[in-house]
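Work through the exercises below with the sequence and the structure at hand. Each task is followed by a solution in steps.

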Amino acid sequence: MSEDDRAGEFGPIYLPALQRIRDLWLELEPLVEETSYDNVVAPTELQISLTDGLGDADTARLDIQWSELGMYSFHYVDSDDVNWRFDRHPNTHSPEIHFHSPPEAATTDAEPSCIDVTEVSLVTRAVHAMWRAAYEDDDVDQLNSASNSP
């Protein structure tokens, strides 16, 4: 997600949230190959590398940000250049909590997110559950389709 996608304050990155998200993905997902931060001194993003992706993709990565204000971005990209993301941030193009659908996750194509919780562990579990369902069924339409998430 680019800074141009946001309108209003996102807030400083909240490292304890990124650590919790990392721990949950490691606990929940056997396809996690590695996790890392974009900067070891002052991280702004957690990166989770997966050994497989949706459809024909051989690998995938989630780039995750979580702010002290509870704003977030879970951005998926894979080896087939498929993108999607769940976001919560002020903007001019959609509700504050929204989803950018595959394959491009275009800013102008945002739609309301099915995730209506805001606590870091619950959001993480919801994103993981929808990713896992889409992966197992080879159906990206399941990405923003949960009810009563997570």
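**Exercise 1.** Is Arg 88 buried or exposed, and which side chain does the side chain of Arg 88 meet in a salt bridge?

Solution. Step 1: in this predicted model, Arg 88 has a relative accessibility of 16%. Step 2: buried means under 20% relative accessible area, so Arg 88 counts as buried. Step 3: the side chain of Arg 88 meets that of Glu 96 in a salt bridge, with 3.1 Å from N to O. Step 4: Glu 96 has a relative accessible area of 34% and is partly exposed. The pair thus joins a buried residue, Arg 88, to a partly exposed one, Glu 96.

**Exercise 2.** State how many salt bridges the structure holds, then trace the network that includes Arg 132.

Solution. Step 1: there are 6 salt bridges in the structure. Step 2: one of them pairs the side chain of Arg 132 with that of Glu 29, at 2.4 Å from N to O. Step 3: Glu 29 sits in the loop between helix 1 (15-28) and strand 1 (32-37), while Arg 132 belongs to helix 2 (residues 120-137), so this salt bridge ties together parts that are 103 residues apart in sequence. Step 4: Arg 132 and Glu 29 are both buried; for Arg 132 the relative accessibility is 17%. Step 5: the side chain of Arg 132 also meets that of Glu 136 in a salt bridge of 3.4 Å, N to O. Step 6: Glu 136 and Arg 132 are 4 residues apart in helix 2, which means a separation of about one helical turn. Step 7: Glu 136 is exposed, at 55% relative accessible area. Step 8: through shared partners, the salt bridges join Glu 29, Arg 132 and Glu 136 into one network.

**Exercise 3.** Where is Gln 65 placed, and which backbone oxygen does its side chain reach?

Solution. Step 1: Gln 65 is part of strand 3 (residues 60-66). Step 2: with a relative accessible area of 13%, Gln 65 is buried. Step 3: the Gln 65 side chain reaches the backbone oxygen of Thr 44 at 3.4 Å.

**Exercise 4.** Examine the loop between strand 6 and strand 7, taking Pro 103, Glu 104 and Ala 105 in turn.

Solution. Step 1: the loop runs between strand 6 (97-100) and strand 7 (110-112). Step 2: Pro 103 is in this loop, and a cis peptide bond with omega of about 10° joins Pro 102 and Pro 103. Step 3: Glu 104 counts as exposed at 63% relative accessibility. Step 4: Ala 105, also in the loop, is buried with a relative accessible area of 6%. Step 5: Ala 105 is not a glycine, yet has a positive phi of about 55°. As background to steps 2 and 5, most peptide bonds are trans, and most residues other than glycine have a negative phi.

**Exercise 5.** Which residues gather in a patch of negative charge on the surface, and where is Asp 138 found?

Solution. Step 1: the patch is made up of Asp 56, Asp 58, Asp 80, Asp 81, Glu 104, Asp 109, Glu 111, Asp 137 and Asp 138. Step 2: Asp 138 is in the segment after helix 2. Step 3: at 57% relative accessibility, Asp 138 counts as exposed. Step 4: Asp 138 has a positive phi of about 50°, although it is not a glycine.

Notes. Residues are numbered from 1 along each chain as its sequence is written. This is a predicted model: local features need pLDDT of at least 70, side-chain atom pairs count only at pLDDT 80 or more; totals for chains, interfaces and linings use all residues. Side-chain values use heavy atoms; hydrogens and water are left out. A salt bridge is a side-chain nitrogen of Lys or Arg within 4 Å of a carboxyl oxygen of Asp or Glu. Helices (H or I, at least four residues) and strands (E, at least two) are DSSP runs, numbered from the N terminus. Buried means under 20% relative accessible area, exposed over 50%, partly exposed in between (1.4 Å probe, protein chains only). A polar contact is a pair of N or O atoms within 3.5 Å; within protein, one must be able to donate a hydrogen and the other to accept it, and residues adjacent in sequence count only if both atoms are side-chain atoms. Patches are made of residues with over 30% relative accessible area and no salt bridge: like charges are joined within 9 Å, nonpolar side chains (Val, Leu, Ile, Met, Phe, Trp, Tyr) within 5 Å. Accessible areas come from the Shrake-Rupley method with a 1.4 Å probe; for residues, only the protein chains shown count as cover. Lys and Arg count as positive and Asp and Glu as negative; His and the chain ends are not counted. The place of a charge is taken as NZ of Lys, CZ of Arg, CG of Asp or CD of Glu.
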